[in-house]
Every structure is written in structure tokens, then in C-alpha cells.
Amino acid sequence: MKTKGKITLLLAVVAALLIGANAFVMLSEDDNAPVINLPSGTAQYTEGMTDSELLEGVTATDDRDGDVSDSIRVGEILRSGDGSQVTVVYVARDSKDNIAQASRIMQTSTYGAQPSAEDSQEESGPVENSGDASGGETAAQIETPEPTEVPVENTQTDANELGRAENDAAIAALPAGAPRMYLTEYAVSIPVGTEFNSLGYVEDIQDDLDLRDELFTKIQITGNVDITTPGTYELFYYVIDNDGNTSNQARLSVTVA
């Protein structure tokens, strides 16, 4: 009986140690990406701005590492079709290589600028009055031709195709062994109040070793969509495989209107 009691006690100690070790591992795991904080208000973008200028006022915090603002980098600068604004993408990471991504829209400072009266006069020269008292036409009487209508392009389709091309380029630049993320759409528009399922836009994930179904459980999405407030939002999808390789970050632009 004494031997049996010792064995029971030993098993209890081993079980307690295993539970403690498991709890330690769970507590030490860090799957939370940092949070990137962007300055509020409308920002102006000027051609040739440096990364340090674009990073002014941008910070990042992590629930484990605290302030990780030093890790923030400017990922890319995307221009709108009409040139009126740019989207600046920021990337930050913590000590466990959890990656966060955020973007803000900046208005271009030169878009829509009208030439001054002096500039117009310098370009076209002074207007001469060729009319006379006998009824000749003056410059003011010459009719201005009607503006030609420019067909409205399907900007949603253009944005989707542009996003697909950007994603293909990002995949082509991946190192060997990295997973590849594909979306069904890269730019969508939904009515205000419509239920939105972000995972529903993931088309496929491919990897040289990991199974597709396993990778789907590891999808990480940064950004958010407020279905109650009209506007354009951006989500970024990526995954890290079992070897620590990070996929491309597929961007989905969501317009709530």
C-alpha cells in the first residue's frame, strides 16, 4: 500500500508539473500584433516627402513590448486614379515578429490647383480687341466651345484590377518558401449597414509545405470596417507558416456607401 501511495503521489506531482509547464507556454505565447496609432485630422501629401516626414506623429504600441514606434516603416504609397489623394501604408512589428499594418489617406497638395490670372495671361498672351464700332466681333463675343463629355470610368472595376495586379507583384517578390495569399476581390462596395464577413474574401493560400486548411486557421487581418459609417476602409490579410515565413499582405479596399 505504501508503494502504491508513493506512485500515486509521484503521478500527482508529475501532472502538476505538466500543467504548470503548459500554462507557462500558453502565457509566454504572443500572437497579438502591435497597434499603430495615426494622427487625427486631414493630412497633406507633397511630392517627394521623406519617410521621416510621413512617420511624424505615427506611433505603435504592443501589449507585451510597450512602445514599438521605432519599428514602424512606410510600406508603400498608393495613388488614387485621379491623383487627388494617396494612401500611405505603415507597417510595425513586435519582438515576436507579429506584424501590424495600417493606412491613412492624405490629400495631395497640388491636386485641383488653378493657375493664377497672371499665369494664364503669360501663357495665352494679352487679349486683343479686334472688334470695331461697325459691329466686328470682340474677344468677349467669341463663343466658347462646349466642353466635351468625358465618359465616367468604372472606378470600382479599375481599383479591383489594380489591387489584383499589386497582389500578383507582391507574390512575385516573395522569397522561396513563403506562403501566397489570394483574395476573391481587392476592391468592393457595400451599402451602409450591410453585414460584412472579412474572411469570405479569402480565395486561396498556397504554401510549399503547410496544408491549405491549416493555413486558413492562421489568417491574420489588420484594419477594420465600420459598416455604419460611409467611407473607404482597408483590410490587410497575411499568414505565417510553420517555418516562420510570412506571406504577402493582400489588401482589400472596402467602400461603405
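Visitor: What is the relative accessible area of Ser189, and how should such a value be read?

Guide: A residue counts as buried under 20% relative accessible area, as exposed over 50%, and as partly exposed in between (1.4 Å probe, protein chains only). Ser189 has a relative accessible area of 44% and is therefore partly exposed. This is a predicted model, in which local features need pLDDT of at least 70 and side-chain atom pairs count only at pLDDT 80 or more, while totals for chains, interfaces and linings use all residues. Residues are numbered from 1 along each chain as its sequence is written, and side-chain values use heavy atoms, with hydrogens and water left out.

Visitor: How many helices and strands does the chain have?

Guide: Helices (H or I, at least four residues) and strands (E, at least two) are DSSP runs, numbered from the N terminus. The chain has five helices and 13 strands. Of its 257 residues, 28% count as buried.

Visitor: In which strand is Ser189 found, and what is the order of the sheet that contains strand 9?

Guide: Strands of a sheet pair through backbone hydrogen bonds, either parallel or antiparallel. Here, two strands pair if DSSP finds at least two bridges between them. Ser189 belongs to strand 9, which is part of an open sheet of four strands with the order 9-13-12-11 and mixed pairing. Strand 9 (187-190) and strand 11 (220-222) are the edge strands, each pairing on one side only. On average, neighbouring strands of this sheet are turned by 25° against each other, direction ignored; the axes are lines fitted to C-alpha atoms, and angles run from 0 to 180 degrees between N-to-C directions.

Visitor: In which sense do strand 9 and strand 13 pair?

Guide: Strand 9 and strand 13 (residues 250-256) pair in the parallel sense, over four bridges. Ala187 stands opposite Ser253 of strand 13. Ser253 counts as buried, at 14% relative accessibility. A contact means heavy atoms within 4.5 Å. Leaving aside residues up to four places away in sequence, Ser253 touches Tyr186, Ala187, Val188, Thr232, Tyr233 and Glu234.

Visitor: Which strands stand at the edges of the sheet with the order 2-7-6-5?

Guide: That sheet is also open, with four strands and mixed pairing. Its edges are strand 2 (43-45) and strand 5 (73-79); each has a single partner strand, so one side of each is left without a neighbour in the sheet. Neighbouring strands here are turned by 40° against each other on average, direction ignored. Strand 5 pairs with strand 6 (residues 85-93) in the antiparallel sense over six bridges, and Val88 in strand 6 is the bridge partner of Ile77.

Visitor: What joins the side chains of Asn167 and Asn248?

Guide: A polar contact is a pair of N or O atoms within 3.5 Å; within protein, one must be able to donate a hydrogen and the other to accept it, and residues adjacent in sequence count only if both atoms are side-chain atoms. The side chains of Asn167 and Asn248 are joined by one of 2.9 Å. Asn167 lies in helix 4 (residues 155-172) and is buried, with a relative accessible area of 4%.

Visitor: How many aromatic pairs does a search of the whole structure find?

Guide: A pair of aromatic rings is described by the distance of the centres and the angle of the planes. Rings of Phe, Tyr and Trp (its six-membered ring) pair if their centres lie within 6.5 Å; planes under 30 degrees apart count as stacked, over 60 as edge-to-face and the rest as tilted. The search finds one aromatic pair. Phe196 and Tyr201 form this stacked pair, at 5.5 Å centre to centre with 25° between the planes. Phe196 is buried at 18% relative accessibility, and Tyr201 is buried at 17%.
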